[in-house]
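Dear colleague,

Please find below the structure that I promised to hand over, with its sequence. My notes on what turned up in it follow underneath, and I would be glad if you read them with the structure open beside you.

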Amino acid sequence: MSESFREISPADFFYRNRDLAGFNNPTRSMYSAIRELVENSLDACELYRIPPKIYVRLSYEENYEKRNVYRLKVADNGSGIPPEYIPSAFGQILYGSKYKLRQVRGTFGLGGKMAILYGQITTHSSAYIISSVGNNKIYEFEIRIDIQKNRPEILKKKFRSNRRKWHGTVVEFSLEGDYPKAMPKVLEYLRQTAMVNPYADITFVDPRGRLYMFEGVTKKMPKPPSEIEPHPYGCDVEIFMRMIDDSRSKSLQDFMTTHFHRVGKKTAKRFLKHVGISGRKNPKKLTPNEIVQLVQSMKPESFKYFLPPDANCLSPLSNELLEMGLQKDLNPEFVATEQRNPSAYSGYPFIVEIGIAYGGNTPNSPGITLYRFANKIPLLYDEASDVSRKVINNEINWNYYKVTQGTPVAVVVHICSTKVPYKTVGKEFIADRPEIEREIKNGINNVARRLSRYLSKKISIAYQKQRVNIFQKYLPKIAQFSTKLAGKKKIPNIEPLVRSMMHETKKT
Ligand SMILES: Nc1ncnc2c1ncn2[C@@H]1O[C@H](COP(=O)(O)OP(=O)(O)OP(=O)(O)O)[C@@H](O)[C@H]1O
Ligand SMILES: [Mg+2]
């Protein structure tokens, strides 16, 4: 007996393994579809510093008796997509504009298409895309994904004039789902997205016509991320060979300084001397052995003089915006934030931002409430497997900071990086890289220390107040009693004494 062999396309692979991307059942798929489209919209605005205005509408599909088929529409005011790229951007798996070293939400070239593919396989319908880059034309496409070929099928294409120079994208399609079950996660997702993008206006209309508005509280936006070259510590043989193919450098010395992040003339010279290959050698003439030797030497254990990656290319939220987001959402009694210094893992720069909130509307759950974000995306599933939960539960001595069971405390952990180490393409939880873990731990310890100072003060004020209350209650009686005992008539005035004690309390 012989086995039959065949090849499948990437679309076919993800069609068969939908759960890898978060499309495993009608509830989760509904959440994932909304999330992927909202994230594409946010990217399309933020990269061009456009304050995002995103409209999400989910409605029951007409003519369906069983109410499990919905129509989803997501519209944004982002950059728009040039018409020649629209079909592939929405109809070809693993096609995208974000395969660069840059901090964006999208990474895999998969999310939006998985949503459309899921819609197609559950309702047998096509997707509508309307988009304009802000010139004089608006394009409309109706497409389907040819799963076996991994190609878009264009069913309709037309354009109309764009007198108002509108720019943005509208994506609309039908999908099977279970909104009543998905609702808590969808609303939580939108709420947390608004928390970490406090400059975005997000409107959501649910199938029963209920309107949810998450309005921006500031016009200030973080500076957009810039693109960087790979850092030597993150390089492997494949990347190195592709770089040689694309390069016009005639010497290895020039190749190293042009194509690697933070490699200047001096470092390149020192490195090449360390490896023992001449800087004058043409990179295209390197032998396979020399390539392997070069790449193997680009590890911190072998050559430790490469400067760490520059985090200027990242776009963290900033202490100010994170605090605004927390204030807006939780209206806490106390809030502290800390942006950690830039750091790097395997040649990828990252910045960790931490926030802590106490009181106000902060949930009073048994453990510490954790809000996790990566490149400004809320992560709502698989919290137990995430590095931040591990740090909070196992590595912080909360009692030391006066936080005990039932203290209403929430911690925010935001990781920004040109490459977030997600454990799956569903982008739900982050691997525990020691460098990242260390930054999270130090950051939480610092904000928790500030919270503990606030709590100590609060406890001491409460104690003083209680003391003054007792004095206020009993001092008149003591004064009266001692006057009588001393055989005097005039009761001394105790007001100045109480006033001075109140003053002391205020000072603490
Ligand atoms: N609303 C939008 N506005 C502008 N461009 C968009 C929009 N939605 C998608 N795109 C373009 O389509 C491409 C594919 O989107 P898709 O969500 O499939 O992948 P991705 O965002 O690149 O990666 P990920 O799989 O991580 O989401 C994007 O890279 C982007 O160039
Ligand atoms: Mg995407």
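Salt bridges

In this predicted model, Asp 201 forms a salt bridge with Lys 53, and the closest N and O atoms of the pair are 3.2 Å apart. The two residues belong to distant parts of the chain, since Asp 201 sits in strand S7 (residues 201–205) and Lys 53 in strand S1 (residues 53–60), with their positions 148 residues apart in the numbering. As to accessibility, Asp 201 is partly exposed at a relative accessible area of 24%, and Lys 53 is likewise partly exposed, with a value of 49%.

A second pair joins Arg 160 to Glu 140, where the closest N and O atoms are 2.8 Å apart. Here too the salt bridge links distant parts of the chain, with Arg 160 in strand S5 (residues 151–161) and Glu 140 in strand S4 (residues 137–146), 20 residues apart. Arg 160 counts as partly exposed, because its relative accessibility is 40%, which lies between the limits of 20% for buried and 50% for exposed.

Asp 146 forms a salt bridge with Lys 149, for which the closest N and O atoms are 3.6 Å apart, and Lys 149 is exposed, with a relative accessible area of 60%. Beyond such pairs, a network of salt bridges links Asp 43, Glu 46, Lys 98, Arg 105 and Lys 376. A search of the whole structure finds 29 salt bridges, and those described here are among them. As a general point, side chains of opposite charge can pair when their charged atoms come close.

Helix H6

Which residues of helix H6 are buried? In this helix, which spans residues 237–246, they are Phe 240, Met 243 and Ile 244. These residues lie on the same side of H6, because they cover an arc of only 100° around the axis. The face turned away from that buried side carries the exposed residues Arg 242, Asp 245 and Asp 246. Helix H7 (252–259) and helix H9 (288–297) are included in what covers the buried residues of H6. At the N-terminal end of H6, Asp 236 acts as a cap, with a side-chain oxygen 3.2 Å from the backbone nitrogen of Glu 238.

A nonpolar patch on the surface

Ile 8, Phe 13 and Leu 20 make a nonpolar surface patch of about 220 Å². Of these residues, Leu 20 is placed in the loop between helix H1 (10–16) and helix H2 (26–46), and Leu 20 is partly exposed, with a relative accessible area of 37%.

Positive phi values

Most residues other than glycine have a negative phi, and you may wish to look at two residues against that background. Ser 318 has a phi near 95°, a positive value in a residue other than glycine; the residue is placed in the loop between H9 and helix H10 (319–330), and Ser 318 is partly exposed, with a relative accessible area of 24%. Asn 331, which is also not a glycine, has a positive phi near 45°. Asn 331 is found in the loop between H10 and strand S9 (334–339), where its relative accessible area of 49% makes Asn 331 partly exposed.

With best regards

Terms used
Residues numbered from 1 in each chain as written. Chains lettered and ligands numbered in written order. Predicted model: local features only at pLDDT ≥ 70, side-chain atom pairs only at ≥ 80, totals over all residues. Heavy atoms only, no water. Salt bridge = Lys/Arg side-chain N within 4 Å of Asp/Glu carboxyl O. Helix = DSSP H or I, 4+ residues; strand = E, 2+ residues; numbered from the N terminus. Buried < 20%, exposed > 50% of the residue type's maximum accessible area, 1.4 Å probe, protein only. Arc of directions from axis to C-beta. Contact = heavy atoms within 4.5 Å. Polar contact = N/O pair within 3.5 Å; in protein donor to acceptor, adjacent residues only side chain to side chain. Patch = residues over 30% accessible without salt bridge, like charges linked within 9 Å, V, L, I, M, F, W, Y side chains within 5 Å. Areas by Shrake-Rupley, 256 points an atom, 1.4 Å probe, with all protein chains shown as cover.
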